[in-house]
Amino acid sequence: MSAWLDAFVPAFALLALGALLKRRLLRDDTVWAGMERLIYWVLLPSLIVAALAPLDLASLPLGRIAVAIWIALGIGTVVSVLLARALGHGHPAMTSVLQGGIRFNNLMGFAIVGALFGAEGTGFGAVATGIIVPFVQTVTTLAFAFDGKRGPPRPATVVRHLVLNPLLLAVAVGFAIAMLGGLPPGLAPTVQALGRASVALGLLCVGAALSLDSFTDRVGTQAATGVLKLAVMPALTWGLCSALGVPPLALAVAVIFMALPTAATSYVMARAMGGDAPLMAAITTTEHIAAIATLPFWVWLVAP
C-alpha cells in the first residue's frame, strides 16, 4: 500500500498544487508558458536521455512493444474519428476528440512508473514515449491539416514537425548513447538532475492548465472520449502485449502509459491550429480527474 501511495499521491497532489498556484500565487500566464518551454525543450528530453542511456537495447522486446502500441493507437485513431462523426461534430471538435483519445501525459507516466518500478520502469517509460510520440505527432499533424480549408499537407512539413520534436530527438540521442555504452562520468549526473526536475515542474504546469469551468461543455463527448482513452486504449494494449508475449514489466509500463490522460499541451495545439479549444480544455480536465480512479486500477491489474 505504501508503494501505491508513494506513486499516486505525489502525482495528483502536484496537479492540485499547480492549479492552486495558478489561481492564487502565480497568475501570470507568461510564467507558466516559460516553464512549459523549459520542460519541453530541456528537462523532459534530459529525463528521456538519462533513462535510455544505461539500457541494454539488445535485451529489450522493442519490436513487440512497438507493434502492440502502434496497433492500439491505430484502432484508437479510427474510433476517435468515428466517435466524433457519430456525435455530429465538425472537423475542429473531431481533432479534440482525437487528441483526447490517443495523446498522453508522459510526465505523469514517468512519475508513476519511476515510483513503482524504479530506474528500470523509467527506462521502459522512455521506450514507450519513443514509440507513442512519432505516431501521435504524425496523426494529429495530419488531422489538423486536412480541415477542408487548405490543401493536403506537404510531406516535408510533416517530416519537419517530427524531426524537430525534442522528445523524438531525445529518444534518438538516448538510443545512440545506449549503444555507445552510456553517458560518461560527470555528464550522467548532470543530465539525470535535469531529468528529475522535469517531473515535479511538469505536473505543476499540467495542474495550472486544467480548467474546472469546462465541466458542462458537451458532457457526452467528454465522457465517451474519456472511456476511449482511459479504458479502451489500455485494454487494447494489454491484450496485444499479452498476445505478443511482451515481458511483464514492459507490458505493465506500456499499459500504464496508454492509460494516461491526454497531454495538457493538447489545448495549446488545438488553440494554435484551429481546433475546438474549449472542448479540448474540457476533455483534458475531466480525463485527469477520472484518472484518479482509473490509473490505480490499471496498475493493480498489470503490475508484475
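In which helix is the place of Thr122? Thr122 lies in helix 5 (residues 106-145).

This is a predicted model, in which local features need a pLDDT of at least 70 and side-chain atom pairs count only at pLDDT 80 or more, while totals for chains, interfaces and linings use all residues. Residues are numbered from 1 along each chain as its sequence is written, and side-chain values use heavy atoms, with hydrogens and water left out.

**Figure 1. Surroundings of Thr122 in helix 5.** Helices (H or I, at least four residues) and strands (E, at least two) are DSSP runs, numbered from the N terminus. Thr122 is buried, at 16% relative accessible area; buried means under 20%, exposed over 50%, and partly exposed in between (1.4 Å probe, protein chains only). Contact means heavy atoms within 4.5 Å. With neighbours within four places in sequence set aside, the contacts of Thr122 are Leu47, Ala51, Phe110, Val113 and Gly114.

**Figure 2. Surroundings of Val191 in helix 8 (residues 187-209).** Val191 has a relative accessibility of 11% and counts as buried. Its C-alpha atom is 7.2 Å from that of Leu47, although 144 residues separate the two along the chain. Apart from neighbours within four places in sequence, Val191 touches Ser46, Val49, Ala50 and Leu183.

**Figure 3. Helix 9 (residues 219-243) and its kink at Val232.** The 25 residues of helix 9 should span 36 Å at 1.5 Å a residue, and the end C-alpha atoms are 35 Å apart, which agrees. The expected span is 1.5 Å times one less than the number of residues. A kink of about 30 degrees lies at Val232, shortly before Pro234; the bend is the angle between axes fitted to the seven residues ending at a position and the seven starting there. Buried residues of helix 9 include Thr221, Gln222, Lys229, Met233, Pro234 and Cys241. The buried residues pack against helix 3 (62-86), helix 4 (91-102), helix 10 and helix 12. After helix 9 comes Gly245, with a positive phi near 75 degrees.

**Figure 4. Aromatic cluster of Trp238, Phe297, Trp298 and Trp300.** The whole structure holds six aromatic pairs. Rings of Phe, Tyr and Trp (its six-membered ring) pair if their centres lie within 6.5 Å; planes under 30 degrees apart count as stacked, over 60 as edge-to-face and the rest as tilted. Phe297 and Trp298 make an edge-to-face pair, 5.3 Å centre to centre with 70 degrees between the planes. Phe297 and Trp300 make a tilted pair at 6.1 Å and 40 degrees. These two residues are three apart in helix 12 (residues 277-302), so about one helical turn separates them. Phe297 is partly exposed at 40% relative accessibility, Trp298 is buried at 6%, and Trp300 is exposed at 57%.

**Figure 5. Cys205 and Cys241, two buried cysteines.** Cys205 has a relative accessible area of 5%, and Cys241 has 0%. No disulfide (a pair of cysteine sulfur atoms within 2.5 Å) is found in the whole structure.

**Figure 6. Confidence in helix 6 (residues 155-163) and helix 10 (residues 248-258).** The pLDDT, the predictor's confidence in each residue from 0 to 100, averages 88 over the chain, and 95% of the residues score at least 70. Among the elements of the chain, helix 6 has the lowest mean pLDDT, 73, and helix 10 the highest, 97. Where pLDDT is low, the predicted coordinates should not be read in detail.
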